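Welcome to a short tour of one protein chain. Have a first look at the sequence and the 3D picture, and then we will walk through some of the details together.

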Amino acid sequence: MNTGLGQFIPLVLYVVILFGCAASAFWKPRIGIYIILPLLPFETLREKLDDFPLGSHAIYLILVSVIAGLFFRSQLTIPKTPLNRVLLAFAVFLYISLWQGAFYLSSPLPLLLSDPRLAVWRDFMAMPLLFVATTGAIRTQSQIKFAVLVVCLSILIVDRSALMNVLSHSFSHFDENKRDGGPLGYAGSNGLAAFEAQCTCLLIGLAAYEKRRLRKIGLYLLIALTSYCLLYAFSRGGYLSLLTGLLVFGIFKDKKVILLVGVILLTWQFFVPQAVQERVMMTYNKDDKLEASADERVQLWTDSVQLITTNPVLGSGFATYMFMGRVRHFKDTHNMYVKVLVETGIVGMVFFLLILSKLFTIARRLFRAAKEPFNQGLALGLLTLMGCLVVVNLFGDRWTYIEINGITWVLFALGAQAYILESRNQEAVSENADESASQFDLQLAPVGQER
């Protein structure tokens with residue numbers, strides 16, 4: 001039972017959200033984006049809003065308010081990005097796939113919001129909608145910088161909660177029962193690890209181009225804290241995805257980091273805690289057989305291959321696997337790529353890979369075009385995060401959870417807007433140069449005539 005001031009936190013948060021909705025709709029839409037960022041990963045905090053009217057729909061209330069604000073202020077023109085058309089087509093495809101899945105499962109058609117499969121579609125579509133809303137609401141370089149600052153504060157809040165959970169246990173040896181999702185709630189410990197790994201990659205990129213000393217120190221301290229929380233999330237997929245992100249960093253920024261990754265792979269047992277060593281080495285048991293977690297994944301993937309061959313083009317339908325009961329109690333294939341093929345087939349996989357490629361394009365374009373150090377750091381952070389994201393989804397569904405990737409969609413929206421601003425600045429510089437050249441030619445013309 002809550003005591004002291006803690007019991008008022010949900011009420012204060014609810015009031016802030018109501019204020020944010022009103023401010024976004026009738027004043028400045030970007031306020032809603034700033035308020036929503038700390039809420040996205042903090043599922044356990046959002047749960048405390050369920051007792052208030054529409055409190056369980058806080059994310060959607062803010063999103064709708066932002067879009068309404070853009071409409072009222074005649075700013076509903078969404079900037080063009082490589083993702084816009086793909087996301088629209090993807091949303092339509094997944095909804096049609098919902099209907100296909102209803103026939104496959106012999107379940108109710110996805111027409112009512114109370115339908116659990118429609119709820120899964122709605123929750124997933126909130127992230128692309130968040131991308132669109134952010135590109136519409138965040139318009140200037142100063143707004144982008146402030147949004148990234150809020151992202152860093154959001155990471156710090158999650159880290160603090162995760163750290164308190166770590167410090168409440170003794171981890172002299174690994175214990176599966178002590179793992180949980182912390183502030184990310186039902187995203188689970190592996191979801192928390194995916195979030196921490198992706199955030200670490202982003203922060204490393206930002207720190208690489210930061211010029212101001214205090215800010216650079218602050219970023220490195222946050223990197224250390226986030227990495228520590230990742231370490232004690234005990235996720236082998238999280239560790240590997242972070243190393244992959246570091247490889248991407250090495251490719252785009254500093255080749256020596258690639259060597260560092262090699263050194264880490266060779267020497268990690270000498271400096272990581274005993275509990276982490278036990279977690280990594282427990283893939284096989286004493287009899288050289290796969291331990292329970294790894295063996296379950298093999299069973300899931302073997303069963304999934306059989307499903308894929310029966311519906312290779314369109315799959316069984318979006319959000320169907322969790323209701324099949326194929327392998328004991330499991331509701332996920334423990335591999336996002338396998339899950340996409342099972343539920344949406346080859347067509348869905350094409351969409352999925354296309355979205356990943358478009359996200360990479362946003363980061364790469366900004367990295368090539370950026371002249372301002374902050375934008376260079378943001379671009380490098382997104383590229384590094386992208387490498388992490390691709391690998392971490394090999395070990396489970398880390399894609400459809402807004403707790404894990406909500407902030408990621410906002411960051412790529414900021415990257416898309418930063419590229420637009422960089423392009424405009426370069427066009428302005430080019431136009432000024434042409435104008436100056438024309439004036440110089442006009443000044444020389446009389447001289448030429450006198451000759």
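Let us begin in a loop: L54 sits between helix 3 (43–47) and helix 4 (58–72). Keep in mind as you read that this is a predicted model. From that loop we move on to helix pairs, cysteines and a few single residues.

**Two residues with a positive phi**

- L54 has a positive phi of about 60 degrees, although L54 is not a glycine.
- Is L54 buried or exposed? L54 counts as exposed, because its relative accessibility is 53% and the cut-off for exposed is over 50%.
- H334 is another residue other than glycine with a positive phi, and its value is near 60 degrees.
- You can find H334 in the loop between helix 13 (292–310) and helix 14 (336–369).

**Helix 2 and its partner, helix 4**

- Of the 10 residues of helix 2, 8 are buried, so the rest of the structure largely encloses this helix.
- The buried residues in helix 2 are I31, G32, I33, Y34, I35, I36, L37 and L39.
- The axes of helix 2 (residues 30–39) and helix 4 come within 10 Å of each other and cross at roughly 160 degrees.
- How do helix 2 and helix 4 run relative to each other? They are roughly antiparallel, because their angle of roughly 160 degrees lies over the cut-off of 145.
- The crossing of this pair, helix 2 and helix 4, is left-handed.
- On the helix 2 side, the contact is made by G32, I33, I35, I36 and L39, and these meet I59, I62, L63 and V66 in helix 4.
- Sorted by character, the residues of the contact between helix 2 and helix 4 are 8 nonpolar, 1 polar and no charged.

**Helix 7 and helix 9**

- Helix 7 (residues 141–167) and helix 9 (residues 213–231) have axes that come within 9 Å and cross at roughly 40 degrees.
- This angle makes helix 7 oblique to helix 9.
- Helix 7 and helix 9 cross in a left-handed way.
- Which residues of helix 7 take part in the contact with helix 9? They are C152, I155, L156, D159, A162, L163 and V166.
- Their partners in helix 9 are L219, L222, L225, T226, Y228 and C229.
- The residues where helix 7 touches helix 9 divide into 11 nonpolar, 1 polar and 1 charged.

**Helix 10 and helix 11**

- Helix 10 (residues 236–252) packs against helix 11 (residues 256–267) at an angle of about 155 degrees, with the two axes 7 Å apart.
- That makes helix 10 roughly antiparallel to helix 11.
- L243, L246, L247, F249, G250 and I251 from helix 10 meet V257, I258, V261, I264 and L265 from helix 11.
- The contact of helix 10 with helix 11 has 10 nonpolar residues, 1 polar residue and no charged ones.

**A closer look at S241**

- S241 is also part of helix 10.
- S241 is buried, with a relative accessible area of 0%.
- Which residues does S241 touch, leaving aside its neighbours within four places in sequence? S241 is in contact with A197, C388, V391 and V392.

**Cysteines**

- How many disulfides are there? The count comes to 0.
- C199 is in no disulfide, and the nearest cysteine sulfur, in C152, is 9.0 Å away.
- C199 is buried, with a relative accessible area of 5%.
- Why is C229 not bonded to C199? The closest cysteine sulfur to that of C229 is in C199, and it lies 11 Å away, which is too far for a bond, because a disulfide needs the two sulfur atoms within 2.5 Å.
- C229 also counts as buried, at 2% relative accessibility.

**F103, seen from A25**

- F103 lies in helix 5 (residues 84–105).
- At 60% relative accessibility, F103 counts as exposed.
- F103 and A25 are 78 residues apart in sequence, and their C-alpha atoms are 39 Å apart in space.

Conventions
Residues numbered from 1 in each chain as written. Predicted model: local features only at pLDDT ≥ 70, side-chain atom pairs only at ≥ 80, totals over all residues. Heavy atoms only, no water. Axes fitted to C-alpha atoms, helices over the stretch in contact; angles between N-to-C directions. Helix = DSSP H or I, 4+ residues; strand = E, 2+ residues; numbered from the N terminus. Parallel < 35°, antiparallel > 145°, perpendicular 65-115°, else oblique. Left-handed = near helix turned anticlockwise from the far one by under 90°. Contact = heavy atoms within 4.5 Å. Nonpolar A, V, L, I, M, F, W, Y, C, P; charged D, E, K, R; others polar. Buried < 20%, exposed > 50% of the residue type's maximum accessible area, 1.4 Å probe, protein only.
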